[in-house]
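Student: Can we go through some labels in this model together? I'd like to see what stands behind each one.

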Amino acid sequence: MKNGYERFVRPLLFSFDTETAHHLTIALLRGASHVDLVLRALKVFQPVSKPKTVFGIKFPNPIGLAAGLAKAGVALPAWGALGLRFIEIGTVTAKAQQGNPKPRIFRFPEQQALINRLGFNNDGADAIASRLRKLRESGRWPGTCRVGIKIGKSRITPLSEATAN
């Protein structure tokens, strides 16, 4: 028997091109991150607790999100409410940049795979740091969630200066 994701969410997302589905997902989760009732409702999707300790760090469960989807850190409360216990934001560069030209996300449904070639599109380190600071100050930080930030070189920074900026 198919679950709610397989019956409703996946067909909806697959009805859009990949980048539209990506942006729609982020927009919905970003909105959910500001509504306590919705955050409480999302908790029904949390997985069963299966604690893990990795490199001396304890996690309530081993489910997390790699860089790419959580790009700008705009939906951390919703990801936490869904039960993710580690989230990697990014890739973040020193300066804001647009990323690669479209198309840049490709689906391979038969392999249940997705290729992301967004190209480090992001708001820049200062804007993202400010967003994360405000999230912490507002008390909406996902408490049991570890958050990492993947950093990358800005396109406008020459390779010879990459470690200086």
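Tutor: Sure, we'll take the exposure labels, a surface patch, some backbone oddities and the pockets in turn, keeping in mind that this is a predicted model.

Student: Why is Val9 called partly exposed?

Tutor: Val9 has a relative accessible area of 38%. Buried means under 20% and exposed means over 50%, with partly exposed in between, so Val9 gets the middle label. Val9 sits in helix α1, by the way.

Student: What makes Tyr5, Phe8 and Val9 a nonpolar patch?

Tutor: Patch residues need over 30% relative accessible area and no salt bridge, and nonpolar side chains are joined within 5 Å. Val9, at 38%, is over that 30% cut-off. Together the three have about 310 Å² of accessible area on the surface.

Student: Why is Gln112 called exposed?

Tutor: Its relative accessible area is 73%, and exposed means over 50%, so the label fits Gln112. Gln112 is in the loop between β5 and β6.

Student: What makes the phi of Gln112 worth a remark?

Tutor: Most residues other than glycine have a negative phi. Gln112 is not a glycine, yet its phi is positive, about 50 degrees. Phe120 does likewise, with a positive phi of about 65 degrees; look for Phe120 in the loop between β6 and α5 (125-137).

Student: And why is Phe120 called partly exposed?

Tutor: Its value is 32%. Partly exposed lies between the 20% and 50% cut-offs, so Phe120 belongs there.

Student: How do you know that the peptide bond from Lys102 to Pro103 is cis?

Tutor: Check omega: for that bond it is near 0 degrees. Pro103 lies in the loop between β4 and β5. There's also a cis bond joining Gly90 and Thr91, with omega about 15 degrees, and Thr91 is in strand β4 (residues 86-93).

Student: What makes a residue part of the lining of the largest pocket?

Tutor: A lining residue has an atom within 4 Å of a pocket grid point. For the largest pocket, 35 residues line it, with Tyr5, Val9, Leu13, Thr25 and Leu69 nearest its centre. Elements giving two or more residues to that lining are α1 (4-14), α2 (18-32), β5 (105-108) and β6 (113-116). The space comes to about 1,300 Å³.

Student: Which class leads in that lining, nonpolar or charged?

Tutor: Nonpolar, with 25 residues, against eight polar and two charged. The second largest pocket, at about 330 Å³, has nine nonpolar, five polar and four charged lining residues.

Definitions and conventions:
Residues are numbered from 1 along each chain as its sequence is written. This is a predicted model: local features need pLDDT of at least 70, side-chain atom pairs count only at pLDDT 80 or more; totals for chains, interfaces and linings use all residues. Side-chain values use heavy atoms; hydrogens and water are left out. On a 1 Å grid over the protein atoms alone, a cavity is a set of points where a 1.4 Å probe fits but cannot get out, and a pocket is an open set with protein on both sides within 12 Å along at least five of seven lines; lining residues have an atom within 4 Å of a point. Grid points are joined across faces, edges and corners, and a volume is the space filled by probe spheres set on the points. Helices (H or I, at least four residues) and strands (E, at least two) are DSSP runs, numbered from the N terminus. Ala, Val, Leu, Ile, Met, Phe, Trp, Tyr, Cys and Pro count as nonpolar, Asp, Glu, Lys and Arg as charged, and the others, Gly among them, as polar. Patches are made of residues with over 30% relative accessible area and no salt bridge: like charges are joined within 9 Å, nonpolar side chains (Val, Leu, Ile, Met, Phe, Trp, Tyr) within 5 Å. Accessible areas come from the Shrake-Rupley method with a 1.4 Å probe; for residues, only the protein chains shown count as cover. A salt bridge is a side-chain nitrogen of Lys or Arg within 4 Å of a carboxyl oxygen of Asp or Glu. Buried means under 20% relative accessible area, exposed over 50%, partly exposed in between (1.4 Å probe, protein chains only).
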